Amino acid sequence: MANSKNITIALVGNPNTGKTSLFNQLTGLKQKVGNYPGITVDKKQGVCQLSPELKATLVDLPGTYSINPTSLDENIVYETLVNDKNPDYPDVVVVVAEVENLKRNLFLFTQIKDLGIPTVLAINMADQMQRKGIKIDIPVLETALKTKVILVSARKKIGIDALKEILLNHQTLNTESVADVSERIHGQFFKRIQEALPHFSTYKSWLLITQQKACDFILPKEQKKIDFFKSKATKINKFQHKEAIYRYQVINEILEKTYSVNREEGTDLRAKLDRILTHKIFGYVIFAFILIVIFQSIFAWASIPMEWIDTSFARLADFSKAQLPTGKFTDLIIEGVIPGIGGIVIFVPQIAILFMFVAILEETGYMSRVVFLMDKIMRRYGMSGKSVIPLVSGTACAIPAIMSARNIESWRERLITILVVPFTTCSARIPVYAILIALIIPDKHYFGIFNLQGLTLLALYFLGFAAAISSAFLLHKILKIKNTSFFVIELPNYKIPSIKNISITVVEKTKAFVFGAGKIILAISIVLWFLASYGGKDFKNAAEIVHSQKTSVDLTDAELKQQIATYQLEHSYIGILGKSIEPAIRPLGYDWKIGIALLSSFAAREVFVGTLATIYSVADEGENTATIKERMRNEVNPITGGKRFNFASGMSLLLFYAFAMQCMGTLAIVKRETNSWKWPLLQLIGMTGLAYIFALIAFQFLK
Amino acid sequence: MLITIAQLEVGEKGIICDIALDNIPLKLLEMGCLPGKEVELLQKAPLQDPLYIRVNGSHLAIREETASQIAISKI
């Protein structure tokens, strides 16, 4: 529509207020998750048609208790609301509050209102008011807060249309401040701020002064004045504390007139559940049980769709081979692109299941109980109770796991968590483990149920956790970072998870993973294919050279072709590369072909299998359709005459992959999250060094 | 009698009278843990730390080191 207008609405609120439920109600499925430039905080946006003429872009800002940020996530809220040149700067803010803890929610509301942005208050979970004996005098509250207040229930779809109606008329909203506490804190000081920075609202100036990081939209002239006030640090700290105290005074005065609660609360259930879930024995038993269920489902449930995906991609490759004309481009599609995409898609079931469990545990409120339960134990290893979530998520993929470490308040605890998460056995190691175990561990059963191969896989999982925990302990002892740790976590009410919210989270997060990691893996497989399919002079003249070196005359055509292909691979660009690192990896029991796989799987571990498949299929010109496993089994070590993948070299590879930092995506995310190359490089050198040593010991002892 | 939250027994309550502001995160104040508020120790984690408290209508878990910076008078 030519005359349609577009406004921006920001949703802000405390965690656990049902803000995302409300967002889902307002936008339906018309949403997308992006990234904020420079950092990887999920940016959720959606569209809501307020009227035929007015379309609104909704931005779901991260949950926070205050506009003063204590984490990267919360910083987004501050930066969006304080900078009116920010592309997401809202025309109107909806502060989502929860009916039971209105007092604390109003703290954030008054801060935002004082910034002078049109702000409405949506009190969520209003359907529970009667049961909890809560009464709110809305008209009086509206007068006191100088804006519109609306009762909603995102889950029961109450009040949504009325909220839209208010948002439609956002221009009529009052933008006066409601809790101007400057007079109570120190009138003169704030007057000086007002005079020095006349273009900003006093509260905005105050926020700019109290935050450590400078904002880039500020003019140098203004920044100078801000820095002048900043230099009075001790005073500012004291004023910040006073601000909190006075803000609550104002809120209490308002709520006394408008809010009443008849205390026969239904906190019984909560107390009972807490007693069981955080019990000193049952608490841990229940947590262990939940972990087992999660792992079981990641492996058992996911294996069915994974097999299906695997065969579908094999069929797709066959189909394309039959349909497309032969040529270089077709080779690229069949040997590079299709296996490349297949290599990503195959992880979708596992990752989706893990995201689903994490979402359920968070929605129900159980996750914060786990944090409470585990904090003391994790602290012995220099981490926080909040490190449990990244460590568990790490079994799917280290990248979202490292991002989830963001809500750990202490930099030291967060850093240690980020550094050790990649040791946990992520799903990308599974294909590597699976194929190597199948090659070197006999398929024996003990007592009818214990399968030796399965036990080996389990042992590798424990090895991953053990490596994470012990390196955390080591880092805890040696890292010389001052620990200004503090730890606050809200233990929210238990809730029944909403299927809609969970499904949206799973879909969005899986999509982000597939497109994020997928791009890298796909690019690597294409590059790899090129490097393996082209080479120098020896590569081009392979046919002649093989002919002239021919040792026996009675080679069949197929055998000759095979020899040429092998010679070509050896002299392709990647062959040259692999050969050049061979001296370094020979003590581990590897040859140049495995060397190529090691190099390429630096992009992502699962590329190891795909690379060997590419290498052996490029080298295999015959009509032989042996599986990759058979090909690996038939590889011969020319020096010993024995198998290339025997017990010694196999164990060496397993250990290498258990420890090595073979993942560019993880390094990139660690760089972004720690804002320096120091930590990812330390991680790369430390982990890969450890991997080398363990692989070396294993091979030298076992050979 | 003046004690800190860390010295409460499970189920006991107190009124916050003084907070060592320099050692306490602003976030805790902003969540409503302020002088004059009633605080109840609901539970201790299995290893006696962190502490699970109710203050100003919020259910929070804080570590013992933080709790020992908040003085209360027992009721």
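This short presentation covers the salt bridges, a three-stranded region of chain B, and a surface patch in a predicted model.

Two remarks on conventions. Because this is a predicted model, local features need pLDDT of at least 70 and side-chain atom pairs count only at pLDDT 80 or more, while totals for chains, interfaces and linings use all residues. Residues are numbered from 1 along each chain as its sequence is written, chains are lettered from A and ligands numbered from 1 in the order in which they are written, and side-chain values use heavy atoms, with hydrogens and water left out.

I begin with chain B. Strand E4, residues 51–55, has four of its five residues buried, so it is largely enclosed by the rest of the structure. Here, buried means under 20% relative accessible area, exposed means over 50%, and partly exposed lies in between, with a 1.4 Å probe and protein chains only. Strands (E, at least two residues) and helices (H or I, at least four) are DSSP runs, numbered from the N terminus.

What does E4(B) pair with? Strand E3 of chain B, residues 38–44, pairs with E4(B) in the antiparallel sense over five bridges; pairing requires that DSSP finds at least two bridges between the strands. Within this pairing, B:Gln43 stands opposite B:Tyr52. The two strands form a hairpin with six residues between them, and B:Gln48 in the turn has a positive phi of about 75°.

Strand E5 of chain B, residues 58–62, is joined to E4(B) by five bridges and also runs antiparallel to it. There, B:Val55 has B:Ser58 as its bridge partner. This hairpin has two residues between the strands, and B:Asn56 takes a positive phi near 55°.

I turn to the salt bridges. How many does a search of the whole structure find? Over all chains, there are 26, a salt bridge being a side-chain nitrogen of Lys or Arg within 4 Å of a carboxyl oxygen of Asp or Glu.

One of them joins A:Asp114 to A:Arg247, with the closest N and O atoms 3.1 Å apart. A:Asp114 lies in helix H3 (residues 102–114) and A:Arg247 in helix H10 (residues 233–258) of chain A, so the pair ties together parts that are 133 residues apart in sequence. A:Asp114 counts as buried at 7% relative accessibility, and A:Arg247 counts as buried at 0%.

Another links A:Arg379 and B:Asp49, whose closest N and O atoms are 2.7 Å apart. This pair crosses between chains, from helix H15 (residues 366–379) of chain A to the loop between E3 and E4 of chain B. Both partners are buried: A:Arg379 has a relative accessible area of 18% and B:Asp49 one of 3%. These two residues belong to a network of salt bridges that also links A:Asp375, A:Glu413 and B:Arg63.

Finally, the surface of chain A. Which residues form the nonpolar patch? They are A:Tyr446, A:Phe447, A:Phe450, A:Leu455, A:Leu458 and A:Phe462, with about 670 Å² of accessible area together. Patches are made of residues with over 30% relative accessible area and no salt bridge, like charges being joined within 9 Å and nonpolar side chains (Val, Leu, Ile, Met, Phe, Trp, Tyr) within 5 Å; areas come from the Shrake-Rupley method with a 1.4 Å probe, and for residues only the protein chains shown count as cover. Helix H20 (residues 452–478) gives the most to the patch, with three residues. A:Phe447 lies in the loop between strands E10 (445–446) and E11 (450–451) and is exposed, at 78% relative accessible area.
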